[in-house]
Amino acid sequence: MIRSTSLPLIVTLATFVIAYALCASAYPAMLSSRVVANLLTDNAFLGIAAVGMTFVILSGGIDLSVGSVIAFSGVFLAVILRDTGIHPLAAFALVLAITTAFGAAMGGIIHYLEMPPFIVTLAGMFLARGAAYVLSVDSVPITHEFYDWLQDIYWKAPSGGRFRLTGALMVLTFLAGIVLAHRTRFGQNVYAMGGGVQTARLMGVPLGRTTIGIYAISGGLSGLAGIVFSLYTSAGYSLAAVGVELDAIAAVVIGGTLLTGGTGFVAGTFFGILIMGLIQTYIVFDGTLSSWWTKIVIGALLFTFILLQKGLTWATTLRRRPAPGSPMPS
Amino acid sequence: MAASHSPLRRLAPQLVILAAVLALNLAVFPDFFRIEFQNGRLFGGVVDVLNRGAPTAILAIGMTLVIATKGIDLSVGAVMAIAGACAAKIVADGHGWGTALAGALAAGAACGIWNGVLVAWLRIQPIVATLVLMVAGRGIAQLVTEGTILTFLNEGLIHLGAGTILGIPTPVVIWIALGAGVTWAVRKTALGLLIEAIGINAAASRLAGINARVLLTCVYLVSGLCAALAGVIVAADIKGADANNAGLWMELDAILAVVIGGNSLLGGRFSITASLLGALIIQSVNSAILLSGMPPEFNLVIKAVLILAILVIQSPRIGHWLYILRASGGDPAPRRAKTVKETAR
């Protein structure tokens, strides 16, 4: 029998395959490698941010600062490349250092001051967005030959699709995330924390180190997503990427990760991202549907997956404890 | 809290912070407390804070009840957009403002019941359950307005957001009346006690015979109604329904107001008055930043730093450290220790 923990992942995978098949039967052109390549390129920044979000949610927390950190990274890069002669690679390193430290600081506050992640990362969201405003209110274009060079790297598939560097970076991030979550002690600690903080403490999980690490990863990956976003748009704008954290959370949930923490897969998030990208692509192909249907369909999908998870939790509890009138899990 | 001690002691931290922020306002704008009566309406810095803070304050009333049951309602911003869109649509179709208000409230109630059913009957975690409507809600609002910003010129509806009652701006009257009404309802009956019981221990409250399902659904219903009212006020204020921007991030302001009000996100004891003070503190901070003439770019940074400072002061860990400090300082006055313990909870 299929283990109930991996069932959400299988359902996500099946949803993606069925949805893609439906799309392809309506518009055969959607099978083209161009569409696949664009699916990867267009969602690269969201996917990278969602990997960090997966770790945060697996540990039972939440990170609302993701979108703001992406905007801050973009503006910071644009301003620093405009005003100084620094090489973009050095600027990238600087951005990653700042955002990782920012995430670690939020993790530290959450752990040492025992404050809810929701409120701490909310303050972080204001702070990062505000810092982006302070740097520049206007959209700052990025014109650097190194950027042009990076944007021109692609592998052209025989049928015309261009697989760009950013899409590959997203796939690499997902692979690294999978290894980190399932093959390292840190990953096991994250799962343990999500299963129950008290239990994890008694098991000897270093809570402080793990919490700081989780939010540092989320911050750092948001910074990386910001770099990818700046490559994608060739500009830094402080109002960009509003609400990306919601998209990332939605992708994680559609990917089969329990928002209470402790159960889920990084790979599921990848298919969550692809499903969301597919909905958008379908709407573009259709041409008559308005863009707000994206939000409604994603909301409906979220609801379906939450119900599915709930049903699974019920099923496992009932099997384990068949006594009548047993208390519901809450 | 209020029942056994003086309510003033419960509200003291919020009152002190509010006084400090208002003093800051006075420092940057000496005429802040002057109130004038012109064209049949009160004008002045304080009136402005009360008026502009109305949507947050109204949301905070519903949010306080939801948070007291150990829940959270992320959808209020989206519900505001839906309610504003419905009101504008009904007025644009030629109906009166009463119908529009009723329609908007009905939409809010439907959203609230949806959230309540997900949380109370399907037992989905509140943050997840309300996330669904938060994501889909703006899409629904855009469906109602058909992607445009619906403007209207109905005098009655506009009066709700920009008019006055006896010289006082209507939104101020609405939020004060609503706050007083809900406070009365939960404190003069056992309702407040039952809500706190659910928040502190859901299983125990069920064993004690509380009908948690119906009560939870009602709490989310109230939150939906509050959000709808706030949405109508915001739409009436700008004489139009903007599905994309109406109520954007308002859920975060409302939650902040509740947290600044000293209500625990883990449920249990709550004070609506303290949440309303929290909403006023947020609005006063906004007004202080505006009046000081600082570049608007700094707004968010200053707000974030202030929030962090307020939260750190209220952090249970800091309270615990203070308690230990005082206990080891050789002055273990029992009354004092008790107060600190209270904040430490």
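The expected span of a helix is 1.5 Å times one less than its number of residues. In the predicted model described here, this rule can be applied to helix H11 of chain B, which runs over residues 212-238. Its 27 residues should span 39 Å, and the C-alpha atoms at its two ends are 39 Å apart, so expectation and model agree. H11(B) is also mostly covered, since 21 of its 27 residues are buried.

Directly after H11(B) comes Lys239(B), a residue of the loop between H11 and strand S6 (240-241) of chain B. Most residues other than glycine have a negative phi. Lys239(B), which is not a glycine, has instead a positive phi, near 55°. With 16 other C-beta atoms within 10 Å, Lys239(B) is partly exposed; a residue would need 20 or more such neighbours to be buried.

Helix H6 of chain B, covering residues 126-145, was examined in the same way. For its 20 residues a span of 28 Å is expected, and the end C-alpha atoms are 28 Å apart, which agrees. H6(B) nevertheless bends by about 40° at Ala136(B). Of its 20 residues, 18 are buried, so H6(B) is largely enclosed by the rest of the structure. Residues with positive phi are found on either side of this helix. Glu146(B), which follows H6(B), has a phi near 55°. Arg123(B) lies in the loop between helix H5 (97-121) and H6 of chain B, and its phi is about 55°, although Arg123(B) is not a glycine. Arg123(B) has 17 other C-beta atoms within 10 Å and is therefore partly exposed.

These helices belong to a chain that contains 16 helices and six strands. A compact globule of 345 residues would have a radius of gyration near 20 Å; the value for chain B is 21 Å, which agrees. The C-alpha trace of chain B extends over about 70 × 55 × 35 Å along its principal axes. Of the 345 residues in chain B, 49% count as buried. Among contacts in chain B that join residues at least 6 apart in sequence, 76% link residues at least 24 apart. Chain B is divided into domain 1, residues 45-314, and domain 2, residues 315-345. The centres of domain 1 and domain 2 of chain B, taken over C-alpha atoms, are separated by 34 Å.

The contact between the two chains was considered next. Chain A and chain B each supply 36 residues to the contact. On the side of chain A that touches chain B, the elements giving two or more residues are helix H6 (117-135), helix H12 (244-254) and helix H14 (292-320) of chain A. H14(A) gives the most, with eleven residues. Sorted by class, this side of chain A has 27 nonpolar, five polar and four charged residues.

One residue of chain A that touches chain B is Leu259(A), located in the loop between H12 and helix H13 (266-286) of chain A. Leu259(A) has 20 other C-beta atoms within 10 Å and is buried, because a residue counts as buried at 20 or more. Apart from residues up to four places away in sequence, Leu259(A) touches Ile57(A) and Val253(A) in chain A, together with Gln125(B), Ile127(B) and Val128(B) in chain B. Leu259(A) and Thr166(A), by contrast, lie 28 Å apart from C-alpha to C-alpha, with their positions 93 residues apart in sequence counted as separation.

Methods
Residues are numbered from 1 along each chain as its sequence is written. Chains are lettered from A and ligands numbered from 1 in the order in which they are written. This is a predicted model: local features need pLDDT of at least 70, side-chain atom pairs count only at pLDDT 80 or more; totals for chains, interfaces and linings use all residues. Two residues are in contact if their C-beta atoms, placed from the backbone, lie within 7 Å. Helices (H or I, at least four residues) and strands (E, at least two) are DSSP runs, numbered from the N terminus. Ala, Val, Leu, Ile, Met, Phe, Trp, Tyr, Cys and Pro count as nonpolar, Asp, Glu, Lys and Arg as charged, and the others, Gly among them, as polar. The bend at a residue is the angle between axes fitted to the seven residues ending there and the seven starting there. A residue is buried if 20 or more other C-beta atoms lie within 10 Å of its own, exposed if 12 or fewer, and partly exposed in between; C-beta atoms are placed from the backbone. The radius of gyration is taken over C-alpha atoms; the globule rule is 2.2 Å times the number of residues to the power 0.38. Domain bounds come from an automatic or database domain assignment.
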